[in-house]
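Visitor: Could you take me in for a close look at a single part of this protein? I'd like to see one residue in its setting, and then hear how the rest compares.

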Amino acid sequence: MAGGKLTPRQKMINLMYLVFIAMLALNMSKEVLSAFGLMNEKFEASNKASIDNNKMLLATLEQKGSDNPGMFGEAKNSADKIAKISKDFYDFIETLKKDAVVGVEVDKDGKLPYEAMDKGPGIDEGWFRSDNYSPKGKEIVEKMNKYVADMKAAAGSNPKLAPVVKELELKFSTADVKDREGVTKKYLNYHFEHFPAIASLAKLTAWQNDVQKAESDSYNFLLGKAAVDASSMKNYTALVVLDKNAYFQGEKVTGKVVLGRYDENTKPTSFKGPGKIENGQAVINMTAGSIGEQKIAGEFSFLEDGKPVPLKFEGKYVVVPRPSGANISADKMNVVYRGLPNPLTISVAGVADSDVKASAAGLVSAGGKGKYNLSPQGGTEVTVNVNAKMSDGKNITDRKVFRIKNIPGPAGAIGGETGSTKGAKSRLQVSQVSAKLADFVYDVNFRVTGFTFKVPGQPAVVVAGDRVNAQCAAALARAGRGDVVTISDIKTKIEGSEAIPGKCSPVIYEIQ
């Protein structure tokens, strides 16, 4: 364009066009490099969330495997193997990412200069030797093949894990690849040689994402298979459920024989025993025998896969003479909580409720037959004394000791989520700080009266009430993505009670 019989002015114009086109190409390249950087950031964030999610799934499998080894033991063992294989390969990939950033310096904000990462000398010089792999390149291929082989071995003959293995074999295949021109290239040459450093970094982070996905899918499949196995009719236990466990001589014995759960859709094909089938249950109606322990036995039969599955059952009941002691039971177990009206049921077999008298410090009638509320105060134990008047005029007495415990401390919550949560700053500004007591035997409502709000690098703010104030909002405005806000020293009160709860645990909020 700048040659031939052109005037000096035309030559200058043509040269300016060339410079302009080069500048456009340069800007386009920078945009592409930035896009790879943003892609890498998204993969990094996704990997962090996946790691936390996989930890919870693995913890669930560990717990179920400990609670029920027969049902979940095999799934737990497979999960433990998969966890180690995944972590080893994930960590190995993390070491490879260092090759992608050789000679790259982060800026003052700790971010990589994506637009300057247009070359990959660390990978080109470290992984390749002419047209072949370097020792490092050979190690990478061996590690990839080993990861797939180990995952396949961990899956074993479990058909639920076959899709996971198949997906890994495709994603981590190290076979040679043909490019668009039909030239066959080695796997690493095709995917990494002469690529921009930021593109290689994003691809390695995507590998880590694939590892996390395979681990998550494996855990979910293992949990699902174990649950299916648990629902098999072969794993059910037939139960004898009587209306009560002890009977007077000559009294009618009433109750039911059921399968672990009451389900009218679970219908046996046949039943042998002292009763008849009604809605998946065997309804029993017979007369109690002589004093002492008696047995009830029989058999259910179900069809599974077209074959009969017999389930035998056996239960026991005791025929007793007239009662000689009181029956005292705590509706919420043998522990009562200070500051709460703990419900008790107090009765004596064969004695009318009007002839049963109960006494204890803080014990009052709740209005129903045999129903009481116990509100203990000081001390560590409380004794409930019972006196019953028999029909022949004689009195019997009994007593039971209950342990007194304080109400445990709740867990702090943001927007109803306890422990650790994440979201935008705008959500935190309008969210309510609350407190929850999970898995407690009573329904207890807490009211937050104050808390301490701490943003990294900013002074802690002490707040009265349960909402973020202006000082908190000012500190929050200086927080950036990834910063962790801590809400601690949460002050609470129990609604409707003067009881003092235990210390409330903090809640963590990560800015997104």
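Guide: Let's go straight to valine 384, which sits in strand 19, residues 381-389. (Strands here are DSSP runs of E with at least two residues, helices are runs of H or I with at least four, and both are numbered from the N terminus.) Valine 384 is buried, at a relative accessible area of 0%; buried means under 20%, exposed over 50%, and partly exposed in between, with a 1.4 Å probe and protein chains only. Valine 401 is 17 residues away from valine 384 in sequence, yet their C-alpha atoms are 6.4 Å apart.

A word on the source: this is a predicted model, where local features need pLDDT of at least 70, side-chain atom pairs count only at pLDDT 80 or more, and totals for chains, interfaces and linings use all residues. Residues are numbered from 1 along each chain as its sequence is written, and side-chain values use heavy atoms, leaving out hydrogens and water.

Now for two aspartates. Aspartate 439 is in the loop between strand 24 (433-436) and strand 25 (446-454), and with a relative accessible area of 83% it is exposed. Its phi is positive, about 60 degrees, although it is not a glycine. Aspartate 489 also has a positive phi without being a glycine, about 50 degrees, but this residue belongs to strand 27 (residues 484-494) and is partly exposed at 41% relative accessibility.

Stepping back, the protein has 9 helices and 28 strands, and 37% of its 512 residues count as buried.
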